[in-house]
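Biologist: Got a minute to go through this model with me? Let's pull it up first.

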Amino acid sequence: MIGTNIYTTRKLEKVTNEFISQNDNEENEYLGNWTATLFYVSNKKCWLIINKLTKYLLILPNVKKSDLKNISTIFKETLYSQLAYDGIITDYKLVEKIIGEIALCKTNNDRSTNGSLNNCLFQMDDWKYDYGSFENMPFRDLNNRLNSSPNKMLNWKYPKEKMDEMIKAYAQHRV
């Protein structure tokens with residue numbers, strides 16, 4: 001069974017401590033690992049998650065502690081919706097198969113990935129100022145903007161381009 005690790009930053013680890021998996025699964029063979037951090041909009045906890053291989057970003061707005069037992073479903077549904085918004089055409093069942101079950105893990109101190117997250121948090125801070133409250137934040141659109149910025153680590157490709165390539169490669173491999 002395929003599983004996906006989401007490594008948490010220390011900040012997020014403190015909030016999700018009781019849901020942290022004690023044993024690390026193997027790295028997801030198709031999309032690799034993800035790293036998540038915590039940020040706040042109008043005192044609501046939001047997660048910013050980045051894929052290590054594609055630098056594709058995902059925002060999970062207003063994640064409550066009670067949501068953590070369903071984090072796999074929330075992650076897959078949000079990912080599928082964001083992929084569609086970003087113009088990456090895929091089937092939900094394919095996303096379910098690629099991701100599998102989510103395991104929250106302690107930080108892996110991946111400085112490169114954490115640096116990418118921190119750069120995106122600076123942009124989020126600007127947008128929080130521009131939009132004001134949680135209710136005014138167009139999360140899908142902001143997420144699309146983050147995934148539509150060229151990334152030096154991807155040879156100036158867009159994260160959404162790289163994610164599209166990875167999903168198409170998986171779909172072709174599966175056929």
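Biologist: Which residue does I6 stand opposite in β2?

Modeller: I6 faces W34 there. This is a predicted model, where local features need pLDDT of at least 70, side-chain atom pairs count only at pLDDT 80 or more, and totals for chains, interfaces and linings use all residues. Residues are numbered from 1 along each chain as its sequence is written, and side-chain values use heavy atoms, without hydrogens or water.

Biologist: Which way do β1 and β2 run, parallel or antiparallel?

Modeller: Parallel: strand β1 (residues 3–8) joins β2 over 3 bridges. Strands here are DSSP E runs of at least two residues and helices are H or I runs of at least four, numbered from the N terminus; two strands pair if DSSP finds at least two bridges between them.

Biologist: And what is the bridge partner of W34 in β3?

Modeller: That's N51. Strand β2 (residues 34–41) and β3 run antiparallel, joined by 8 bridges. Another match between them puts T35 opposite I50.

Biologist: How many residues sit between β2 and β3 in their hairpin?

Modeller: Just 2, and S42 in that turn has a positive phi of about 50°. β3 then goes on to strand β4 (residues 57–60), pairing antiparallel over 4 bridges, with L48 partnered by I59. That second hairpin has 5 residues between the strands, and K55 takes a positive phi near 60°.

Biologist: Are these strands buried or exposed? Take β2 and β3.

Modeller: For β2, 7 of the 8 residues are buried, so the strand is largely enclosed by the rest of the structure. Strand β3 (residues 44–51) is mostly covered too, with 6 of its 8 residues buried. Buried means under 20% relative accessible area, using a 1.4 Å probe on protein chains only.

Biologist: Zooming out, in what order do the strands line up in the sheet?

Modeller: The order is β4-β3-β2-β1-β5, an open sheet of 5 strands with mixed pairing. β4 and β5 (101–105) each have a single partner strand, so one side of each is left without a neighbour in the sheet. From one strand to the next, the twist averages 30°.

Biologist: What about the β5 end? How does β1 pair with β5?

Modeller: In parallel, over 5 bridges, and Y7 stands opposite C105 there. Helix α2 packs on the sheet and touches β1, β2, β3, β4 and β5, its direction making about 125° with that of β4. Contact means heavy atoms within 4.5 Å.

Biologist: Changing topic: at what angle do α2 and α3 cross?

Modeller: Roughly 130°, with the axes of α2 (residues 71–85) and α3 (residues 92–99) coming within 10 Å. The two are therefore oblique to each other. On the α2 side the contact includes F75, L79 and L83, and α3 brings Y92, V95, E96 and I99. Axes are lines fitted to C-alpha atoms, for helices over the stretch in contact, and angles between N-to-C directions run from 0 to 180 degrees.

Biologist: And how does α2 pack with α5?

Modeller: At about 70° to helix α5 (residues 139–147), with the axes 10 Å apart. That pair is therefore roughly perpendicular. T78, S81, Q82 and Y85 of α2 meet R140, D141, N143, N144 and N147 of α5.

Biologist: Where are the limits for those angle words?

Modeller: Under 35 degrees is roughly parallel, over 145 roughly antiparallel, 65 to 115 roughly perpendicular, and the rest oblique.

Conventions
Buried means under 20% relative accessible area, exposed over 50%, partly exposed in between (1.4 Å probe, protein chains only).
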